[in-house]
Amino acid sequence: MSWFSKFAFPWQLKKAGVLNMNKRNYTIIAHHNKRNLYPLVDDKVKTKQLANDIGIQTPRLIGSISAQYEVKNFLNLVQGYQNFVIKPAHGSGGKGVLVIKKYTQNHFRTASERVLRYREVYQHISNILSGLYSLGGRYDTAVFEEMVDFSTEFKNFSYQGVPDVRIIVFEGYPALAMMRLATKESAGRANLHQGAVGVGIDIQTGKAIAAVQHNQPISFHPDTGADLMTLAVPFWREHLTMAAKGYEMTGLGYLGADIVLDKERGPMVLELNARPGLAIQIANQCGLATILDNIEHTYPKNLSVDERIDYILNKTNKTNEK
Amino acid sequence: MLKKFLSVRFWLTVGLICSVLFAGWSIYYKVKDWDFNLTPNQTTPVWAIESHLTFKPTNKPIQITLYRPDGSRIYKILDESVVAKNYTVREEKDKFILTADPQKKDQSIYYRVSVYDNKESRGKIKDTQVPTIKAPDFDDTLLPIAQQILTLSEEQSGDSVQKLIRLINQPMPDETVITFMPERQDIRATAHVLTKLLALKQIPARVIRGITLEEGKKTSVPDVMLEAYDMQGKRWLTYDLQTGAIGIPENFIVLQRGGKSLVDVAGGVDSAMKYSVLKSVNSSFGMAKYRAKSARQENLFTYSIYNLPISQQNALKWLTIFPLAILIVVVLRNVVGLKTMGTFTPMLIALALVQTGLISGLIGFGLIVGIGLAIRTGLSKLNLLLVPRISAVVIFVILIIQVCAVLGYVYDWRVATSVLFFPIIIMAWIIERASIIWEEEGFKNAAKEVINSVIVAVITYFIVVNPTIRHIMFVFNELNVVILFIVMLLGTYTGYRLTELKRFAPLVKKTDTNGRK
């Protein structure tokens, strides 16, 4: 019985408004995200340029390497920077991201306190170019950008790694938000399926409403012991605005914006995702389907970004919660 | 409403229904006319009957009438030929007429026919037209005896015909019977008299000639049975002349109904007929061509895959099972929600398992992946570029396969030889991917993904390995179209996956479950 009670009936999920993978792919993504817009978010260099053009802040680009023979010169590229991040331009899910906090000619200290040799970093860049981390294994470009100087705001809430806010934006309206916190188990990564903590964030207030790890509700961070319910994201309106602008920027009806908070520069878009996952529902303990349905059918159309955010923040009856 | 009619799902459903109807229709005709079976390895016996006619010519023009079996009814004729030198052969519906100028030497003519049993139509010869009865030519002395015999026969059991047959076959026959009937051994004459007696009772009857098919049989006289018309059923019933049993025995082939003899020779004397019978067993499937021909569907057959050379058919036997395997993968991924390595990797592993056998295949798979992963771990220390590295893994896989095959052969471990059947490129990618997941997300996640793929492969294997299913998918290849539409319809399935029922279970509010109790 206990094994059986781990399962929900389909109609229960439907009543709870849970969006499932097939419906996300078939009804939401296929109808709201045009295929030709994907390259805008799949290529991080392109995303960065588009974002900067429209006035969205991103981590600054140092440079990029797209040919194997250039790899040996990567130290010249990052000359003058104290730290840097290497990413595959077409990567997904944080794969192939290498954060170098400190380095000398031959020793590179990563964010998770590993020390790598020059050979290993060289190898990593080379792997990126060969397409190891890119979608479909195509040849890729290695992107070098400045390391985000993380706000100390969330210091106690994350074990190493980068706490970031994921906001799902539908038809320009922020729909659901969560914060992803790295744990010891997730090895500094923010991927929920690797054991990171997901904290559901109230879309109006920016405050924590629920938290999960491994699909199970929790209240305290497993490593730091911080009370997750006290989590509140500062500059929340800026977060929302930034995510909502992603709609104007890319034209994608359904997108996920990953936002980090820099000590000096404030919220910055790390990347946009045309196929954001569904775990955010578990972190919020709330289904997405009902919310998307409301946005599509009852929210006003053709508003500017600020008007949309005002609409969201001033909504009194939260139709998405009973 | 209109929206519903224009939706993709609607049209795909229409397509599915059409394809099911088409497949149903097509399968019906394949079974009926081509005799395709739902189970593999069905066989049909084929009988080759050779009639050898010899006679002495009499210096006159020769005309021979050879009665040929009426192939459209009880059995089908595969092939027939007349071997007759110097003769002109004319083919008619129920006979061959051979003519020749006067000859001097003894003549020898062969007629060969291959037939196979058409079981469904056995003993069900309908004839709505009531045959006319020829009045029997009994003279004044014989007529009372004949009538007496008919009266005597009433004491026997069975219908009128059976009563008569049983009366004359009594171990100690009545005196009247002995005087009236010809010699017991002369079964042909007996049959002839029986038709006359039956005519007296207003029952149309006729003698049928044929051959009881027995392996390697040689005979100079055809076998005889009696056929009487059943007024109620409007059909001919066949009777055994000794027991009175109704129905054509399993191995009896009718060559001629009514008529006097199987062969008429004009312009010759001392004619003798010899029959020899040979039985051969053909697979029912191989007979389809002939059946199609007799069902006037030759063109349909010519443009079907069953007309291809056997080697190509064998290749297609593999291909036609693929759609089913694909369907299983689609269901397991999109409806059940299992995550696998690569979309069709599990399917390819499953097809390899079919060739290796399940247990030895799984061990072989484990061997390759295990050894491959160990080597791949070593390779990653060398910091090779991606393409050369995966190429090296491919070569290592080939080397592992060679070593396993040799060891397996020398030490007679059949398990090790099974590695030969796995697709090397697929194996190399499994190793590469597993090793990357291992590095990035830990051993647990890597093992999980490999095991998931194997589970899907094993499920697919159990369906694909079934000889009946494979046979059906090949023989009724229109099912491929049905599967196509099912797969496309599944492409519009937006419901929850089975795994999501667990994944999202925490989202169902606790109050909700309490309220149910």
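Pro234(A) sits in the loop that links strand 11 (216-217) to helix 7 (236-250) of chain A. Keep in mind as we go that this is a predicted model. Is Pro234(A) buried or exposed? With 13 other C-beta atoms within 10 Å, Pro234(A) counts as partly exposed, because a residue is called buried at 20 or more such neighbours and exposed at 12 or fewer. Pro234(A) also has a partner from further along the chain: Leu261(A) is 27 residues away in sequence, yet the two C-alpha atoms are 8.8 Å apart in space.

From that loop, step into helix 7 of chain A and look at how it meets helix 10 (residues 305-314) of chain A. Two packed helices are described by the angle between their axes and the distance between the axes. Here the axes come within 9 Å and cross at roughly 130°. The two helices are therefore oblique to each other, and helix 7 of chain A passes helix 10 of chain A in a right-handed crossing. Which residues make the contact between helix 7 and helix 10 of chain A? On the helix 7 side they are Arg237(A), Leu240(A), Thr241(A), Ala244(A), Lys245(A) and Glu248(A), and on the helix 10 side Val305(A), Arg308(A), Ile309(A) and Ile312(A). By class, this contact has five nonpolar, one polar and four charged residues.

Now turn to the strands of chain A, with strand 2 (residues 84-88) as a good place to begin. Five of the five residues in strand 2 of chain A are buried, so this strand is largely enclosed by the rest of the structure. In a regular strand the side chains alternate between the two faces of the sheet. In strand 2 of chain A, both faces are covered: Phe84(A), Ile86(A) and Pro88(A) are buried on one side, and Val85(A) and Lys87(A) are buried on the other.

Strand 2 of chain A pairs with strand 3 of chain A through three bridges, running antiparallel, and with strand 6 (residues 142-145) of chain A through four bridges, again in the antiparallel sense. Ile86(A) is a handy marker for both pairings: it stands opposite Leu98(A) in strand 3 and opposite Phe144(A) in strand 6.

Following the chain onward, strand 3 (residues 98-103) and strand 4 (residues 107-110) of chain A run antiparallel and are joined by three bridges. Ile100(A) stands opposite Thr110(A) in this pair, and a hairpin of three residues connects the two strands. Strand 4 of chain A then pairs with strand 5 (residues 115-117) of chain A, antiparallel over three bridges, with His107(A) opposite Arg117(A). Four residues lie between strands 4 and 5 of chain A in their hairpin, and Glu113(A) in the turn has a positive phi of about 65°.

Chain A also touches chain B. That contact takes 30 residues from chain A and 24 residues from chain B. Among the elements of chain A that each supply at least two residues are helix 2 (21-32), helix 6 (118-130) and strand 11. The chain A side has eleven nonpolar, 15 polar and four charged residues.

Chain B itself has 18 helices and 13 strands, and 30% of its 517 residues are buried. Of the contacts in chain B between residues at least 6 apart in sequence, 75% join residues at least 24 apart. For a local view, try helix 4 (residues 160-168) of chain B, whose buried residues are Val161(B), Gln162(B), Leu164(B), Ile165(B), Leu167(B) and Ile168(B). These pack against several elements of chain B, including helix 3 (142-153), helix 6 (187-200) and strand 9 (223-230).

Definitions and conventions. Residues numbered from 1 in each chain as written. Chains lettered and ligands numbered in written order. Predicted model: local features only at pLDDT ≥ 70, side-chain atom pairs only at ≥ 80, totals over all residues. Contact = placed C-beta atoms within 7 Å. Nonpolar A, V, L, I, M, F, W, Y, C, P; charged D, E, K, R; others polar. Axes fitted to C-alpha atoms, helices over the stretch in contact; angles between N-to-C directions. Parallel < 35°, antiparallel > 145°, perpendicular 65-115°, else oblique. Left-handed = near helix turned anticlockwise from the far one by under 90°. Pairing = 2+ DSSP bridges.
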